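Q: Could you take a close look at one part of this protein for me, the nonpolar core with the most residues, and then set it against the rest of the chain? I'd like the cut-offs spelled out as you go.

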Amino acid sequence: MDLRDFYLLAALIACLRLDSAIAQELIYTIREELPENVPIGNIPKDLNISHINAATGTSASLVYRLVSKAGDAPLVRVSSTTGEIFTTSNRIDREKLCAGVSYAEENECFFELEVVILPNDFFRLIKIKIIVKDTNDNAPMFPSPVINISIPENTLINSRFPIPSATDPDTGFNGVQHYELLNGQSVFGLDIVETPEGEKWPQLIVQQNLDREQKDTYVMKIKVEDGGSPQKSSTAILQVTVSDVNDNRPVFKESQVEVHIPENAPVGTSVIQLHATDADIGSNAEIRYIFGAQVAPATKRLFALNNTTGLITVQRSLDREETAIHKVTVLASDGSSTPARATVTINVTDVNDNPPNIDLRYIISPINGTVYLSEKDPVNTKIALITVSDKDTDVNGKVICFIEREVPFHLKAVYDNQYLLETSSLLDYEGTKEFSFKIVASDSGKPSLNQTALVRVKLEDENDNPPIFSQPVIELSVSENNRRGLYLTTISATDEDSGKNADIVYQLGPNASFFDLDRKTGVLTASRVFDREEQERFIFTVTARDNGTPPLQSQAAVIVTVLDENDNSPKFTHNHFQFFVSENLPKYSTVGVITVTDADAGENKAVTLSILNDNENFVLDPYSGVIKSNVSFDREQQSSYTFDVKAVDGGLPPRSSTAKVTINVMDVNDNSPVVIYPPSNTSFKLVPLSAIPGSVVAEVFAVDIDTGMNAELKYTIVSGNNKGLFRIDPVTGNITLEEKPTPTDVGLHRLVVNISDLGYPKSLHTLVLVFLYVNDTAGNASYIYDLIRRTMETPLDRNIGDSSQPYQNEDYLTIMIAIVAGAMVVIVVIFVTVLVRCRHASRFKAAQRSKQGAEWMSPNQENKQNKKKKRKKRKSPKSSLLNFVTIEESKPDDAVHEPINGTISLPAELEEQSIGRFDWGTAPPTTFKPNSPDLAKHYKSASPQSAFHLKPDTPVSVKKHHVIQELPLDNTFVGGCDTLSKRSSTSSDHFSASECSSQGGFKTKGPLHTRQVNEHFYWSISTAYKCPINQY
């Protein structure tokens, strides 16, 4: 025995010596595919590990550390404090973990890991074996979705034909358990044959005689199920083709064959020669050899099968360490559907072709392949766990390991193939700073194969002093709008260590993105431009760290205050302020507040406000922004005010900005409705007895210079309609007939119409008198006016029917007596009168056309004189009268339910002339007396007038606020003095008045939106005289 063999033998003996105090083993069993954080076991509990130091009797904190290779994805994790073992996010897949290895139900799939317990006084190495049990996570699958089987037509009943078996990566009861034939059509059945190895082979059974000439193809489904829970299954289409007779199948001499072949057998080496015979002759006896469907693809790549001779040869290099046993199913077919089957088991024998493997896993993590130790580390400091292995078997797989040269480290065996690399003596940094040595692993094969692993260890000086700042809190100030890179200060710290342990680097903490710090010099600069309005103060930390291992560090707080500059102009909250106030608001009332801000601070943000262009209508508080009125608002005079406001801050130089202000005056219901139509309280409208219900007999029209709902008007009849003969439209003011007039309705009717607006909170209203004369014929104008004057003596809240009827009856009686008395005279002179009028007819018509315009609009002086004489007899009052009646009310209640209090007075001058224009701007509300004369004499006639009859007029089309009566073209006179101007009722614009000239035209005070209400006058001759009637 030479010296080398002696050392090898000594190392082997040392490796085989196990220290039972520090090497223990645990076995756990789990299911595959467990989720994350599922507990597997508890090392201290399962090994009954005590935390009490037997030597000192004190309690110690144990650290459990999983020994893992760099870059590996751990399947389990170990709690460093409790020693509990949990699953990780890396799922444990049994089929992936044990891929390529054939495991029977009784065999196990497992993986191993090592856990060390620290510190050194409690050190143990725990070897853990985790057995992975199968779960049913794979469905059995047929080799092909469509399975074709050919069956001779002369096949006997109960004949069996093999069906390619399904495979399931799962094992045991989770593997293939059951086959089922679907839609067998009573011709075929299914049987399961179980092999000695536990495989289940499905066989198709012929249950009826086959006749290819009747049916040559059967299509069914075959279903395979496993025994797992939940159960998984799959199906394949089974297509059976009935072929002609070939009644002898090939037969192998040996159906089960086992052979051995070394793993280093070269490509082309013969493995076995299979031989099958067939009793048939000719083409039915030609045998073709093929691999069965269950042969793994990897096996087909390693071995080749001669289809004609049945020789199996090696076609790729074999590796026993990858797969030691190959099971090959070979089918011998003579072209029939029933091939012969033989199973060949190929055992690959081992040769010493693999060197030992050294798995070096560090307990102390290396840096760039070098382990760094402190000179203060104690003896037996654990550095790494070394696992040696050899893929070969028997003697070829026996491995010993050792350290190549003398160093202060040694290998300590913990298992038969695992060693701990630890320090064997105290380390001296001043003596040796670095160690580099090899660990050798050698197997026992012939020849022996070796493997080495290089270990580098460097010693480090202790770093026990952290850097110290001269000031724990550093305060700075800097003006905003600075330049980038502005120097702020230099930060410094000192370290009492030496060498790299005293080399200090500086680093900014969080919230310091506006600053740069030189890592070596500690110079602090501004990396951005500061804006005090965005951030006024920065507080962050600076860390000083030395280069020791582990590095020591300390921190100081830095406070940077940003000083303000006047770089922001005052900013209004709105570019255009809009305020809404009610009209009639008292003077010096607050109408709004201007809000302005300035992002600066101190004097730079002190803002003063002023009005630029208001003409002293408003007063603005320069500090609070309160706007007060210096005028009283009247929306009808001015609906809005607009001016500019300027804000100036107190900075140097000052900055300013402007905004626009609009004061909108909202309407208040402070104007009563103004009657436009009828133009007089003493005019009338003739209603013939032939008028039909629903026809428009009169019209009332008024305007309100307010806006919105304050200008919306409502018309109601409050008195004079006790018989319900008339109806007024509350919106348009059109008066229509409710019923057809009867002889009892003949006479003068006075309707008191209330016109009220919809204003809030107080509604204002106006009364107007509408006279309707019901009769097929009408007397002269004087008679009707006299009736109207008499009714003026009747209070407005009483009906005139009772008092006017005697006047009417007396007048009719007088007329009838006059007619009877003068009948004879009329008969005598009528013939002469007719001749005279016919002779002068043409001249009369021409003269009448030239006089009509002036006679209708301006009465002549002769009529004035006649009227003056009559007025003296009637003793008419001399008070003035306007075109409408206005009743001022004291309460906002509905005028319909209130007593009507008012008097009507007529001016004497209006009895002598036509109605003039209405002055919108100056006319105040007027109270009228009941005895006022007629104001609506639009024309006069100098000749005596007799009774006349009116023709029925055409239906009237109704529109809002106006009526246009369409009459026949003949015998019709159209006046020109009733044009009205009115804008939309919802508009805030004022109405404009129109002025009527004596020629029938209009003179307006400004541009108008006008509409015309045409007056139509028409008559027919019933006697030798004709008289025009005054209507509105």
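A: Here's a walk through that core, followed by the other parts worth a look.

First, the ground rules: this is a predicted model, where local features need pLDDT of at least 70 and side-chain atom pairs count only at pLDDT 80 or more, while totals for chains, interfaces and linings use all residues. Residues are numbered from 1 along each chain as its sequence is written, and side-chain values use heavy atoms, with hydrogens and water left out.

The largest nonpolar core has 29 residues. By nonpolar core I mean a set of buried Ala, Val, Leu, Ile, Met, Phe, Trp, Tyr and Cys residues joined through side-chain atoms within 4.5 Å; buried is under 20% relative accessible area, exposed is over 50%, and partly exposed is in between, using a 1.4 Å probe and protein chains only. V700, F726, I735, V753, I755 and L772 have the most contacts inside this core. Elements that give it two or more residues include β54 (713–719), β57 (747–757) and β58 (765–774). Strands here are DSSP runs of E with at least two residues, helices are runs of H or I with at least four, and both are numbered from the N terminus.

Zoom in on I735: beyond its neighbours within four places in sequence, its contacts (heavy atoms within 4.5 Å) include V696, V700, F726, L751, V770 and L772. Apart from this core lies another one of 27 residues, with V259, A342, V344 and I346 among them.

Now zoom out. The protein has nine helices and 68 strands, and 45% of its 1032 residues are buried. Of the contacts between residues at least 6 apart in sequence, 71% join residues at least 24 apart.

Helix α5 (residues 781–791) is mostly covered, with eight of its 11 residues buried; Y783, L787 and R789 are among them.

Finally, the cysteines. The structure holds one disulfide, meaning a pair of cysteine sulfur atoms within 2.5 Å. C98 and C109 form it, with their sulfur atoms 1.6 Å apart. The torsion about their S-S bond is about 90°, so the disulfide is right-handed. C98 sits in the loop between α3 (94–97) and β6 (109–118) and C109 in strand β6, so the pair ties together parts that are 11 residues apart in sequence. Both C98 and C109 are buried. C401 is buried too, at a relative accessible area of 3%.
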